[in-house]
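Here is a small set of exercises to work through at your own pace, with the structure open beside you. Try each task before you read its solution.

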Amino acid sequence: MSIWKEADFIKVSDEEVAFLTQGDANDEKNVLSLWFEGLKLLVVTDGERGCRYFTKDFKGSMPGYAVKTVDTTGAGDAFVGSLLVNVAKDDSIFYNEEKLRKVLQFSNACGAICTTQKGAIPALPTTAAALELISKGSD
């Protein structure tokens, strides 16, 4: 928490919300207790249920994808990596909900695909694989 307020955006899992707040991760009040002035985006990943997002101006959720899970190692890394790539390409996603939702849809697909194989690195998806999963639809 010593560097928490240095971040532009933060991604936490539902388990991390529960740990950090000592409360129910599904309670939006607990999630928003992690918000601070200057933060651009707070994302809570909810495993196979997808993710929730909070900005200064909008909030919402994106569904996850039903896949045959083998190993969850690396799913968060795949999610964050794909989010970082997209932020680097276009940081207007912090202010444009439509763009943010597309990016989070892609990140959810990357995280889901990563669970379908054993090991974090071998399971990292390609862009094509993520787009294919997106085209098949969410839960």
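The exercises below deal with helix packing and salt bridges in this predicted model.

**Exercise 1. Describe how helices H3 and H4 pack.**

Solution. A good place to begin is the geometry: two packed helices are described by the angle between their axes and the distance between the axes.

Step 1. Find the two helices: H3 covers residues 75-89 and H4 covers residues 97-114. Their axes lie 7 Å apart, at an angle of about 150°.

Step 2. Turn the angle into a word. Angles over 145 degrees count as roughly antiparallel, so H3 is roughly antiparallel to H4.

Step 3. Add the hand of the crossing, which is right-handed for H3 and H4.

Step 4. Look at the side that each helix contributes. From H3 come Ala75, Ala78, Phe79, Ser82, Leu83 and Asn86. They meet Val103, Leu104, Phe106, Ser107, Asn108, Cys110, Gly111 and Cys114 in H4. Sorted by class, this contact holds 9 nonpolar, 5 polar and no charged residues.

**Exercise 2. Is Asn86 buried or exposed, and with which residues beyond its sequence neighbours is Asn86 in contact?**

Solution. Step 1. Place the residue: Asn86 belongs to helix H3.

Step 2. Check the accessibility. The relative value for Asn86 is 17%, and buried means under 20%, so Asn86 counts as buried.

Step 3. Set aside the neighbours within four places in sequence; Asn86 is then in contact with Val103 and Phe106. Both of these partners appear in the list for H4 in Exercise 1.

**Exercise 3. Work out how H4 and H5 are arranged.**

Solution. Step 1. H5 spans residues 127-136, and the axes of H4 and H5 come within 9 Å, crossing at roughly 105°.

Step 2. An angle from 65 to 115 degrees counts as roughly perpendicular, and H4 and H5 are therefore roughly perpendicular to each other.

Step 3. On the H4 side you will find Gln105, Phe106, Ala109, Cys110, Ala112 and Ile113. On the H5 side, look for Thr127, Ala129, Ala130, Leu131, Leu133 and Ile134. The contact of H4 with H5 has 10 nonpolar, 2 polar and no charged residues.

**Exercise 4. Which parts of the chain does the salt bridge between Lys59 and Glu28 link?**

Solution. Step 1. Recall the principle: side chains of opposite charge can pair when their charged atoms come close. For Lys59 and Glu28, the N to O distance is 2.5 Å.

Step 2. Locate the partners. Lys59 sits in strand S4 (residues 59-62) and Glu28 in helix H2 (residues 28-32), 31 residues apart, so the pair links distant parts of the chain.

Step 3. Check the surroundings: Lys59 is partly exposed at 49% relative accessible area, and Glu28 is partly exposed at 32%.

**Exercise 5. Which residues are joined into one network by salt bridges that share partners?**

Solution. Step 1. The model has 6 salt bridges in total. One of them pairs Asp14 with Arg49, with the closest N and O atoms 3.4 Å apart. Asp14 is in helix H1 (residues 14-21), while Arg49 is in the loop between strands S2 (41-45) and S3 (51-54), 35 residues away.

Step 2. Compare burial: Asp14 is buried, at 17%, whereas Arg49 is partly exposed, at 47%.

Step 3. Another salt bridge joins Asp46 and Arg52 at 2.8 Å, and both of these residues are buried.

Step 4. Put the pieces together: shared partners unite Asp14, Asp46, Arg49 and Arg52 in one network.

How values were computed. Residues are numbered from 1 along each chain as its sequence is written. This is a predicted model: local features need pLDDT of at least 70, side-chain atom pairs count only at pLDDT 80 or more; totals for chains, interfaces and linings use all residues. Side-chain values use heavy atoms; hydrogens and water are left out. Axes are lines fitted to C-alpha atoms, for helices over the stretch in contact, and angles run from 0 to 180 degrees between N-to-C directions. Helices (H or I, at least four residues) and strands (E, at least two) are DSSP runs, numbered from the N terminus. Angles under 35 degrees count as roughly parallel, over 145 as roughly antiparallel, 65 to 115 as roughly perpendicular and the rest as oblique. A crossing is left-handed if the near helix is turned anticlockwise from the far one by less than a right angle, and right-handed if clockwise. Contact means heavy atoms within 4.5 Å. Ala, Val, Leu, Ile, Met, Phe, Trp, Tyr, Cys and Pro count as nonpolar, Asp, Glu, Lys and Arg as charged, and the others, Gly among them, as polar. Buried means under 20% relative accessible area, exposed over 50%, partly exposed in between (1.4 Å probe, protein chains only). A salt bridge is a side-chain nitrogen of Lys or Arg within 4 Å of a carboxyl oxygen of Asp or Glu.
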